Amino acid sequence: MLVLDSGGVSFLAKRNQDAVAAIRALVRDGAWPPLVPSVVLVESVSGRQRDDAAVNRLLKTCDVSEELPVPLARRAGELRHRARHGSAVDAIVVASAEPGGVILSGDVEDLGALASYANGVRIERV
C-alpha cells in the first residue's frame with residue numbers, strides 16, 4: 001500500500017515532468033491509487049480555491065480515508081510516544097501504512113523515526 005503525507009501530495013499535485021513520471025511508474029507498478037488520511041489535508045490545503053486546485057485535482061484520484069478508527073488512533077499514539085518524534089499527523093500517516101506499506105514524503109526524518117517502530121513501513125523521499 002502507498003500512503004501520501006503532505007509532502008507526497010504536494011509533490012504529485014505539481015503535475016510537472018517528475019510528478020507525472022512518478023505517477024505513471026506508480027500506476028504501472030500497481031501502487032495507484034494511494035491512500036491519503038484526511039488529516040493530511042490539514043497540511044495540504046489552504047482554503048483558497050486557486051491555491052488548492054492542483055491538490056484537489058490529485059485527491060480526486062486518491063483514496064482519501066475520512067475516518068480515524070480508535071485502534072488506528074491508539075497505534076499512532078503508541079508510535080509517537082515510542083519515537084518521541086513527529087507530529088500527530090505524521091504518526092497517523094505511519095500507522096495507516098502498517099503493515100508493510102510505503103510512504104511518499106519529503107519529511108524523511110520525522111516519518112523515519114516513527115517508521116522505525118512500525119511494522120515494515122518504508123519511507124520514500126520525494
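Contact here means heavy atoms within 4.5 Å. With that cut-off in hand, the packing of this predicted model can be followed from the whole chain down to single residues.

The chain holds 7 helices and 5 strands. Read from the N terminus, these elements follow the order β-α-α-β-α-α-β-α-α-β-α-β. The radius of gyration is 14 Å, close to the 14 Å that the globule rule gives for 126 residues, so the chain is as compact as a globular protein of that length. Along the principal axes, its C-alpha atoms fill a box of roughly 40 × 30 × 25 Å. Of the 126 residues, 39% count as buried. Among contacts between residues at least 6 apart in sequence, 59% join residues at least 24 apart. The surface that the chain exposes comes to about 7100 Å², and carbon and sulfur atoms supply 49% of it.

The interior comes next. The largest nonpolar core has 35 residues, and those with the most contacts inside it are Leu4, Val94, Ile103 and Val121. Several elements supply at least two residues each, including strand 1 (2–4), helix 1 (6–13), helix 5 (70–83), strand 4 (102–105) and helix 7 (108–115). Helix 6 gives the most to this core, with 7 residues.

Helix 6 is therefore a useful place to look, because 9 of its 10 residues are buried and the rest of the structure largely encloses it. The buried residues are Val89, Asp90, Ala91, Ile92, Val93, Val94, Ala95, Ser96 and Ala97. What do these residues of helix 6 pack against? Their partners are strand 1, strand 2, helix 3 (41–44), helix 5, strand 4 and helix 7. Val94 shows this at the level of one residue: not counting residues up to four places away in sequence, Val94 touches Leu79, Ile103, Leu111, Leu114, Ala115, Ala118 and Val121. At the N-terminal end of helix 6, Ser87 acts as a cap, with a side-chain oxygen 3.3 Å from the backbone nitrogen of Val89.

Ile103, one of the residues that Val94 touches, leads to strand 4. Both faces of this strand are covered: Val102 and Leu104 are buried on one side, and Ile103 and Ser105 are buried on the other. Strand 4 also has strand partners. With strand 1 it pairs in the parallel sense over 3 bridges, and Val3 stands opposite Ile103. Strand 4 and strand 5 (residues 122–125) also run parallel, joined by 4 bridges, and here Ser105 stands opposite Arg125.

Strand 2 can be followed through Leu35, which has its place in that strand. Is Leu35 buried or exposed? Leu35 is buried, with a relative accessible area of 19%, where the cut-off for buried is under 20%. Beyond its neighbours up to four places away in sequence, Leu35 touches Met1, Leu2, Val3, Leu4, Asp63, Ser65 and Ser96. Among them, Ser96 is one of the buried residues of helix 6. The C-alpha atom of Leu35 is separated by 20 Å from that of Asp18, a residue 17 places apart from it along the chain.

The last stop is helix 1, where Ser6 has its place. Ser6 is buried, with a relative accessible area of 14%. Leaving aside neighbours within four places in sequence, Ser6 is in contact with Val40, Glu43 and Ser44.

Conventions
Residues are numbered from 1 along each chain as its sequence is written. This is a predicted model: local features need pLDDT of at least 70, side-chain atom pairs count only at pLDDT 80 or more; totals for chains, interfaces and linings use all residues. Side-chain values use heavy atoms; hydrogens and water are left out. A nonpolar core is a set of buried Ala, Val, Leu, Ile, Met, Phe, Trp, Tyr and Cys residues joined through side-chain atoms within 4.5 Å. Buried means under 20% relative accessible area, exposed over 50%, partly exposed in between (1.4 Å probe, protein chains only). A polar contact is a pair of N or O atoms within 3.5 Å; within protein, one must be able to donate a hydrogen and the other to accept it, and residues adjacent in sequence count only if both atoms are side-chain atoms. The radius of gyration is taken over C-alpha atoms; the globule rule is 2.2 Å times the number of residues to the power 0.38. Accessible areas come from the Shrake-Rupley method with a 1.4 Å probe; for residues, only the protein chains shown count as cover. Two strands pair if DSSP finds at least two bridges between them.
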